[in-house]
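Work through the following exercises with the sequence and the model side by side, and try each task before reading its solution.

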Amino acid sequence: MGGVNSDVLIPILIGVVIVIALAIIVPLLVSGSRKRSRTTYTTTRDADDLPPGAPEDDEGAAAPGESGAPDAESPAGTAAPAPATTLERPEPVQGRLARLRARLAKSNNVFGKGLLALLSSEKIDEDVWDEIEMTLLAADLGTDATDDLMLQLRARVKVEGSRTPERVKEILSEELLALVDPTMDRSLATERADEKPSVILVVGVNGVGKTTTIGKLARVLVAEDKDVLLGAADTFRAAAAEQLATWGSRVGVPTVKSDVDGADPASVAFDAVKAGVDAEVDVVLVDTAGRLQNKSNLMDELGKIKRVIEKQAPVREALLVLDATTGQNGLQQAKVFSEVVNITGIVLTKLDGTAKGGIVVAMQRQLGVPVKLVGLGEGPDDLAPFEPAAFVDALLA
Ligand code: GDP
């Protein structure tokens, strides 16, 4: 009997041990592999995209691509739900330019200080006027605006008599403000109209900061209590859609994107606006790719995107994003885009870098449309509505 028992007992014991071992090992393997695939995602472009203390690898935070975004090919695509996560609260928008003025002043020192010193000279002879002119041109004001400002300054210096530094600053401030033109309407169309969302198309050459700007703008709108949806129609640059979805997920804004590499951008734009109409959001922000090598391609692509969007809702704003550090080269880009799209506003990025403040005036003159927003850093809330008085104030700080 005893021999029979051990013959049966040993296989049973081995079986039990195997079952217990499997029960321990399998869940470990599964969670291990999930963790591995999770960490292969680049949830942000740069680690410093996140504000201090923000959860970088929060299990709840959505990794782009996990959010169930619809394939743009699917005609009835719906927006990827904004993932459950600890949402960031964007900074209030009011007075941002004034708060960020130190960055502007840093990059534009040459403009204000040099000019003030020259205009305060006891005697302004032709040599000094030449220097003033050079300073204005070096500040990227452009020749037209420089000529206008020179005329005004000469006239005012003539009638002024004695010029204290304070008075010179006042004069310069008034004249610069007139050039920047405080009468231009710089508001953004962010209200629903005719029961449709406001669609904002964002265009510009790759690398100028389009995707970043849309991410920051989504935060500005969220801070103003708007319902926002993003459309990732820059299908040219592989990482752009994920980059955009990451920006959105941080503030609970859904992104419609395609999981297919090189998908038709118009199809993604169509799905995004459709999702925005269905979800009754206030604003749909549509990112685009900007390849300038071939103007007719650009024209075809942007034209098609606009046409398919307008089957559902009008494009209320076409914002042209320009890198302020490219100075006069940016003017050439502005020219090409304005021939392709009806630009309603300019976003000048990287004004915190080596850019010169005069570029604001030059861009506005070139396009005949206002600068509506300025980028003053890579941080999430470093986008400010453009306020002429605060801007001039910072230039002459
Ligand atoms: P896109 O190709 O036009 O979509 O450009 P991205 O949005 O990817 O931006 C290109 C680079 O410019 C990124 O490294 C951004 O962080 C940076 N950038 C964007 N806006 C600003 C800004 O206002 N200031 C600074 N310093 N960098 C910026």
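**Exercise 1.** In this predicted model, find how many bridges join strand E5 to strand E6, and say whether the two strands run parallel or antiparallel.

*Solution.* Begin by locating strand E5 at residues 315–323 and strand E6 at residues 345–349. Five bridges join these strands, and the two run parallel. To follow one of the pairings, take Leu322, whose bridge partner in E6 is Leu348.

**Exercise 2.** Place this pair in its sheet by giving the order of the strands, and then name the edge strands.

*Solution.* The sheet is open and is formed by eight strands in the order E3-E2-E4-E1-E5-E6-E7-E8, with mixed pairing. Strand E3 (255–256) and strand E8 (383–385) each pair on one side only, and these are the edge strands. Helix H8 (residues 240–250) packs on the sheet, where it touches strand E2 (228–233), E3 and strand E4 (283–288), and the direction of H8 makes about 170° with that of E2.

**Exercise 3.** Describe how helix H9 and helix H10 are arranged, and which residues make their contact.

*Solution.* First, the axes of helix H9 (residues 265–278) and helix H10 (residues 295–309) come within 8 Å and cross at roughly 25°. Angles under 35 degrees count as roughly parallel, and H9 and H10 are therefore roughly parallel to each other. Their crossing is right-handed. Next, the contact is made by Pro265, Ala266, Ala269, Phe270 and Val273 of H9, together with Glu301, Lys304, Ile305, Val308 and Ile309 of H10. Sorted by class, the contact of H9 with H10 has eight nonpolar residues, two charged residues and no polar ones.

Methods: Residues numbered from 1 in each chain as written. Predicted model: local features only at pLDDT ≥ 70, side-chain atom pairs only at ≥ 80, totals over all residues. Pairing = 2+ DSSP bridges. Helix = DSSP H or I, 4+ residues; strand = E, 2+ residues; numbered from the N terminus. Contact = placed C-beta atoms within 7 Å. Axes fitted to C-alpha atoms, helices over the stretch in contact; angles between N-to-C directions. Parallel < 35°, antiparallel > 145°, perpendicular 65-115°, else oblique. Left-handed = near helix turned anticlockwise from the far one by under 90°. Nonpolar A, V, L, I, M, F, W, Y, C, P; charged D, E, K, R; others polar.
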